[in-house]
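User: I am new to this structure and would like to go through it step by step. Could you take my questions one at a time?

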Amino acid sequence: MKAKILGKLSIDKNKIKNEISVIEESGFDDAYKEYSIGKWRTKSIWNQNGINGEAISKEYCGHAKRTFFSNQLTYINEIISKNFNTKYIKPVRVLNSCENGMIFPHKDYLEFKKGFNRVHVVLYTDKNCLNSEKDTIYHMRAGEVWYVDGSNIHSAMSLSEKGKFTLIIDFCPDISLEKIFSRNSSVVKDNIEPFVKYDIGLNQFLIQKASTNVLKKNKPLKKTLCNGLSKKCESWKNIKPERFVFFA
Ligand SMILES: [Fe+2]
């Protein structure tokens, strides 16, 4: 697996709960929905122009500006500015997935020249929120900082009601991972073992899950899975076929 844990931050549960409420009340941006099913929602908080709603990632020169909306997110901005080297940051998005929300198995950056060094910082989660890369499923715990390599096929799904809130911070692709952290970063980097849940691919795991009670309640998702996520699926017609690797 190319994804790796880089360290762990302490997250103040009350502060993050308050800011999650602010995000939920404001609504999410309309981006990347065609690559997901169920509740898989994105909110741009730092981007090229600092404009609310510009949630599609772009390659550009320079570093990201905070959106007007994100001025309300004092604690989240503090996490970013205190721990990371902001001069290398491109977009920052908050991702929320819950209620069986899933991103289809895919590879990243196919539309870009270089892509990014992508880091996930988990703000809130539970053990029913899973990621996969090739044949491995893993769970990112709250406060963990992960490097996620998009060149291998990967996917994710959040099976719980509340689900997961994650900061997705994209850094300049030309720097080493050591340089993403600020000098005053409080990220603890030693002796952290990743939580690898199952030694099978999420694809296989989801097919198994399709017959369980969890997904019986979600008829559209069950139907999709039982079809083997094939190209026959109506909602996939507008998706670029090269972006996805479908179930065998
Ligand atoms: Fe991805």
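User: Which residue just after H1 takes a positive phi?

Analyst: In this predicted model, helix H1 covers residues 13–26, and the position to look at is the one just after H1. A positive phi of about 90° is found there, and the residue that takes it is Gly 27.

User: How far does helix H1 reach from its first C-alpha to its last?

Analyst: Helix H1 has 14 residues, and at 1.5 Å a residue a span of 20 Å is expected. The reach in the model is close to that expected value, namely 20 Å.

User: Is Lys 13 buried or exposed?

Analyst: Lys 13 is found in helix H1, and its C-alpha atom is separated by 9.7 Å from that of Ala 142, which is 129 residues apart from it along the chain. A residue with 12 or fewer other C-beta atoms within 10 Å is classed as exposed. Because Lys 13 has 10 C-beta neighbours inside 10 Å, it counts as exposed.

User: What is the burial class of Tyr 109, which has a positive phi although it is not a glycine?

Analyst: Tyr 109, with its positive phi of about 65°, is found in the loop between strand S4 (89–106) and strand S5 (117–124). The buried class begins at 20 other C-beta atoms within 10 Å, while the exposed class ends at 12. Since Tyr 109 has 16 such atoms within 10 Å, its class is partly exposed.

User: Where does Asn 191 lie, and is it buried or exposed?

Analyst: Asn 191 is not a glycine, yet it has a positive phi of about 55°. Its place is the loop between strand S10 (164–171) and strand S11 (195–198). Because Asn 191 has 6 C-beta neighbours inside 10 Å, it counts as exposed.

User: Which strand gives the most to the largest nonpolar core?

Analyst: The largest nonpolar core has 40 residues, and those that touch the most other members are Ile 89, Val 92, Val 119, Val 121, Leu 167 and Ile 169. With six residues, the strand that gives the most to this core is S4.

User: Which residues is Val 121 in contact with, leaving aside its neighbours within four places in sequence?

Analyst: Val 121 is among the core residues that touch the most other members. Once the neighbours within four places in sequence are left aside, its contacts are Leu 9, Ile 79, Val 145, Thr 166, Leu 167 and Ile 169.

User: What percentage of the residues in the chain is buried?

Analyst: The chain has five helices and eleven strands. Of its 248 residues, the buried ones make up 35%.

Key
Residues are numbered from 1 along each chain as its sequence is written. This is a predicted model: local features need pLDDT of at least 70, side-chain atom pairs count only at pLDDT 80 or more; totals for chains, interfaces and linings use all residues. Helices (H or I, at least four residues) and strands (E, at least two) are DSSP runs, numbered from the N terminus. The expected span of a helix is 1.5 Å times one less than its number of residues. A nonpolar core is a set of buried Ala, Val, Leu, Ile, Met, Phe, Trp, Tyr and Cys residues joined through C-beta atoms within 7 Å. Two residues are in contact if their C-beta atoms, placed from the backbone, lie within 7 Å.
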